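Trainee: I have a structure to go through before I set anything up, and I would like to talk about its empty spaces and its helix packing. Could you take me through it?

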Amino acid sequence: MSSKANTVSVADLEKECPGLKFEKMTEAESAKITKQEEDLLALESKVCSHGDTVHYAERPNFFETCEGSFLYDGHKQPFLDLQMWYSAVNLGYANKRVNDALKNQIDKLPQLACQYLHKEKVQLADKLVNSIKRSFGVDGRVHFNVGGAQAVEDALKLTRKNTGKSRMLAFEGGYHGRTLAASSITSSYRYREHYGEFGDRAEFVPFPYCFRCPYEKKVESCELYCVQQIERKFDHEYTSWWNPKTKKAEFGAFFIEVVQGTGGYVIPPKGYFERLAKLCKERGILLIDDEIQMGFYRTGKLWAMEHVDAPADVMVFGKALTNGLNPLSGIWAKEELISPDKFGPGSTHSTFSSNSLGTAVGLEVMRVLEEGDYARSVPEKGKYFLDILKDLQKKHKEIGDVDGLGLALRMEMCEKDGFTASRRLADMMFQRGLEGNLSYAGQKMGLILDIGGYFKNVVTLAPSLEITYREMDMAHDLLDQLISSCKKEL
Ligand SMILES: Cc1ncc(COP(=O)(O)O)c(C=O)c1O
């Protein structure tokens, strides 16, 4: 990780960073692009809703091309991407095998109504079902949809159908999407405040976020006090979640993320989910594992749930299944919950649910994952990246916490005391990275970061699983520059 940035030639750098190109433009060409972008920004501010997240940035960037770990703007300036579309592009931008699968399907069967079958749908479902059977020993079926929140909606319907209950348990800091039903199990009131009554709003319980333990305990001695607090709710009828007479809980399912994504890549302590899963089983509450952000080897295993000995009843996936190409999401559920007599024809449907482009791409992604060595390479790279973060933490006391599981990594930005959350510093890093005035080996570079966490002060890092060691060294130097310059401005 020691910086060799000053001695590396541009040619070597381009070799060690697949997809990296340094192309120069004349000042006149660049000025023309700037003018075009200004005109487009003025137009965007009139014709595009600001309801999405584009305007989180002070001046939204336009990008033109992408390859490997890099995005390029109209000035051909490279930006190292350390968040890869919120973990949707695990296999790198413009991945040839995955892109070719899309191109082949466009030439073969680009469109087909979902009421008819095509072979890729069945083959992909088979791969997903088998991967879960191999890991957890449970039989089940897959139901496809388009976006993550839609799959979450399907999981909610399946729960209601099987349990008759519309109340759910979920975590503080959990994020499951922004449709109305997904918002009802997502903890942020911000996403519900202006959208009416949420009578079926989940009951949110604290996540085991040990750096900022909600119970002010220490993980070495707490004996999982946070699970004990959940268990307590079932002690007798007056703790409110359990009727000892009917032996029924008030809730149909518990929606979990094994590593909290948008909540700040928070990794729970060992034994936590095993104990929670046991509790859910005893109380007849379905355990629903949202793998939308952490699935497909982000954490070093195909499914993040493989890190814990606690099989889920339902799993939800999306994002990286198609490496960010034609969207496809879905749920897997145990046979007894999703068998045709339980979840019959028409139970849920979207025009684009098992679109043939998405299934062909998803099938290729699964083949790439099966043929690759990600179970070894991702933890190895994750360890190297975590050491980089630890090194940065030694230099910058504003980094209060670093942690990682595979290539899901976190860096928590704080005040000088190393604990008080500094949203200002994290925001500044996000903005300055996008301005693209950093440098590596004498070349101008930008940095794409994502900020999450309860206090919006956590840099959540989700680099490409194909990231090279040179690119990680580059990340070290760029983050170091960025933190140093932002600290001066604070
Ligand atoms: C864990 C989790 N669940 C659900 C969603 C919603 O997925 P989508 O944005 O595709 O609707 C996300 C998106 O970030 C997520 O991270």
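Trainee: What volume does the largest cavity have?

Mentor: Bear in mind that this is a predicted model; in it, the largest cavity has a volume of about 90 Å³.

Trainee: And how many cavities of 30 Å³ or more does the structure hold?

Mentor: The structure holds 1 cavity of that size, 30 Å³ or more.

Trainee: Which residues lie nearest the centre of the largest cavity?

Mentor: Of the 13 residues that line the largest cavity, Cys210, Cys213, Lys217, Cys222 and Cys226 lie nearest its centre. By class, the lining of this cavity divides into 11 nonpolar and 2 charged residues, with no polar ones.

Trainee: Cys226 came up there, so where else does Cys226 turn up, and what does its helix meet?

Mentor: Cys226 belongs to helix 8, where Cys226, Val227, Gln228, Ile230 and Glu231 meet Tyr272, Arg275, Leu276 and Leu279 of helix 9. The residues of that contact comprise 6 nonpolar, 1 polar and 2 charged.

Trainee: At what angle do helix 8 and helix 9 pack?

Mentor: Helix 8, residues 225-232, and helix 9, residues 272-282, pack at an angle of about 10°, and their axes are 10 Å apart. Because angles under 35 degrees count as roughly parallel, helix 8 is roughly parallel to helix 9.

Trainee: Switching to pockets, how much space lies in the second largest pocket?

Mentor: About 690 Å³ of space lies in the second largest pocket. Its lining has 25 residues, and Lys121, Val142, His143, Phe144 and Phe343 are the ones nearest its centre. The elements giving two or more residues to that lining are helix 5 (119-136) and strand 4 (140-145).

Trainee: What is the mix of classes in that lining?

Mentor: The lining of the second largest pocket has 11 nonpolar, 11 polar and 3 charged residues.

Trainee: Back to helix 5 then, how does it cross helix 11?

Mentor: The axes of helix 5 and helix 11 come within 8 Å and cross at roughly 40°, and the crossing is left-handed. Lys121, which I named for the pocket, is among the helix 5 residues that meet helix 11, as are Glu120, Gln123 and Leu124, while the helix 11 side includes Thr359, Ala360 and Arg367. By class, this contact has 5 nonpolar, 4 polar and 6 charged residues.

Trainee: What about helix 4 and helix 11, at what angle do they cross?

Mentor: Helix 4 (residues 96-108) and helix 11 (residues 356-371) cross at roughly 150°, with axes that come within 9 Å, and these two helices are therefore roughly antiparallel. Helix 4 passes helix 11 in a right-handed crossing.

Trainee: Which residues meet there?

Mentor: On helix 4 they include Arg97, Val98 and Leu102, and on helix 11 they include Ala360, Glu364 and Arg367. The contact of helix 4 with helix 11 divides into 9 nonpolar, 2 polar and 4 charged residues.

Methods:
Residues numbered from 1 in each chain as written. Predicted model: local features only at pLDDT ≥ 70, side-chain atom pairs only at ≥ 80, totals over all residues. Heavy atoms only, no water. 1 Å grid on protein atoms, 1.4 Å probe; cavity = no way out; pocket = protein on both sides within 12 Å on 5 of 7 lines; lining within 4 Å. Points joined across faces, edges and corners; volume = space filled by probe spheres on them. Helix = DSSP H or I, 4+ residues; strand = E, 2+ residues; numbered from the N terminus. Nonpolar A, V, L, I, M, F, W, Y, C, P; charged D, E, K, R; others polar. Axes fitted to C-alpha atoms, helices over the stretch in contact; angles between N-to-C directions. Parallel < 35°, antiparallel > 145°, perpendicular 65-115°, else oblique. Left-handed = near helix turned anticlockwise from the far one by under 90°. Contact = heavy atoms within 4.5 Å.
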